[in-house]
Amino acid sequence: MTTPLRIAIAGLGTVGGGTLRILTHHGALLSARCGRPLEIVAVCSRDRRKDRGVDISRFRWVDDAVELARDPNVDVVVELIGGSDGVAKALVETALANGKSVVTANKALIAHHGLPIAALAEKSGSMLAIAAAVAGGIPIIKALRDGLAANKFRRVAGILNGTCNYILSTMWNTRKGFDVVLKEAQDLGYAEVEPSFDVDGIDTAHKLAILTSLAYGSPPAIDKVYVEGIRRVTIRDMEFASELGYAIKLLGISSLSERGLEQRVHPCMVPKDSPLASVPGVTNAIIAEGDAVGQVMFEGQGAGAGPTASSVVADIMDIARGVRYKPFTLPAAELTSVNFAPMEQLRCSYYLRLAVIDRPGVLAEVTDIFRRQHISMRSFLQHSHRPGETVQLVLTTHDTMESSMRAAVESIALLSSVVETPYMIRIENL
Ligand SMILES: NC(=O)c1ccc[n+]([C@@H]2O[C@H](COP(=O)([O-])OP(=O)(O)OC[C@H]3O[C@@H](n4cnc5c(N)ncnc54)[C@H](OP(=O)(O)O)[C@@H]3O)[C@@H](O)[C@H]2O)c1
């Protein structure tokens, strides 16, 4: 009989509970697939009495998660508590320092502390497995590291936050505003009571920083991600976008150009025939563009108990099989800091919506500001309205430098006929 892999799970919430259930219900199949029994030996959470959907009385319970990291009878610690610091970080560091492999879905921890933690894993000869940290059940981390390993990547981009995609899709399908749909999403459990982590783009930024590291061999650099959330997107923007042939999605985009490595998270207008435009509800989708493979898209459930636990268990199975790899593909010492392109140097087309008092000369004033900033206008839309009412003007541009566009928007906002802060959305050809 082969020796079992002895697993300790810390955190029995959404993902921890899902992991417990998969390991319990598919135990025999998984053991057969990796040629070795997978045995849960200990668990830890805050509340011992909570129902986890599985009888946990047969597993040893510990009150202090970090105790699992020092236990000689544990081979793998599965960290599913969450948070970039605190108990989760202490647990992961202690486990690795004690030569135990670690499986985690904790994108915040990896985005903020990925490099030193990966170095610690290498030093102790253990494995840090992070497949569940990005896009839940979609095996994008494994794909970048394994199946697409032959490629140099031009761009990795996608819908990485199901909550934002649900809100934007529902706004468009129901023509309800952001606040109403957010409230509904909270009632349905798709959005947190405190939604800023999702709707302000922070969660997407964490995931993007990890994908960038895998794709471009740089240490995760969360502080180098430009982040803008979806709070300002309106139904009006969606209607104008549709008229122009686009859909609005929150994307995380990482790309390499002569300006350097770009990492940005913001609402984007993508062409309606882009595979990303029709990605519905809470679904995630990621496009990887490699020099050999071309464009490949991955789509599926990016969160939730089952999908995320599916990736957690796949990592546990790798460890059971004796597979060993570096979390960011390259050894920690070879992850080299690259030149990050400042957001001000981004070049793309822009959509700009202005609410103005309709009086003669407004458009001339706006186009004069564009001319001074060397911005070339591509199209112009104005919907019919009654004389004297506020009118929405929409302008799109040819490729323009972000710094010019920002300067233009600042000047336009000061015009006496402009009655709301102008809103600009970047147009991404994906
Ligand atoms: N939810 C998703 O869909 C998803 C997707 C991808 C990645 N992730 C990541 O997976 C991780 C877990 O997320 P989750 O959604 O499963 O969170 P969750 O439902 O809030 O579960 C967190 C668990 O940690 C336990 N916990 C909290 N503080 C603890 C402490 N000091 N010591 C021991 N246990 C403690 C909680 O205990 P009690 O249950 O006893 O209160 C709970 O079981 C996070 O890093 C998250 O970013 C989640």
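Visitor: Which exposed residues does the face of α13 turned away from its buried side carry?

Guide: In this predicted model, that face of α13 carries Arg-371 and Arg-372, and they are called exposed because the word applies to a relative accessible area over 50%.

Visitor: What makes the buried residues of α13 line one face of the helix?

Guide: The buried residues of α13, which spans residues 362–372, are Val-362, Val-366, Ile-369 and Phe-370. When one looks down the helix axis, these buried residues fall within an arc of 105°, and therefore they line one face of α13. An α-helix has 3.6 residues a turn, so residues three or four places apart point the same way.

Visitor: What do the buried residues of α13 pack against?

Guide: Their packing partners are the strands β13 (347–357), β14 (377–382) and β15 (390–397), together with the helix α14 (402–413). Just after α13, His-374 adopts a positive phi of about 60°.

Visitor: Why is Glu-365 called partly exposed?

Guide: Glu-365, which has its place in helix α13, has a relative accessibility of 35%; buried would require under 20% and exposed over 50%, so a value in between is called partly exposed.

Visitor: Which residues is Glu-365 in contact with, leaving aside its neighbours within four places in sequence?

Guide: Glu-365 is in contact with Leu-415 and Ser-417, the term contact being used because heavy atoms come within 4.5 Å. Glu-365 and Leu-415 are 50 residues apart in sequence, while their C-alpha atoms are 8.1 Å apart in space.

How values were computed
Residues are numbered from 1 along each chain as its sequence is written. This is a predicted model: local features need pLDDT of at least 70, side-chain atom pairs count only at pLDDT 80 or more; totals for chains, interfaces and linings use all residues. Side-chain values use heavy atoms; hydrogens and water are left out. Buried means under 20% relative accessible area, exposed over 50%, partly exposed in between (1.4 Å probe, protein chains only). Helices (H or I, at least four residues) and strands (E, at least two) are DSSP runs, numbered from the N terminus. The arc is that of the directions from the helix axis to the C-beta atoms.
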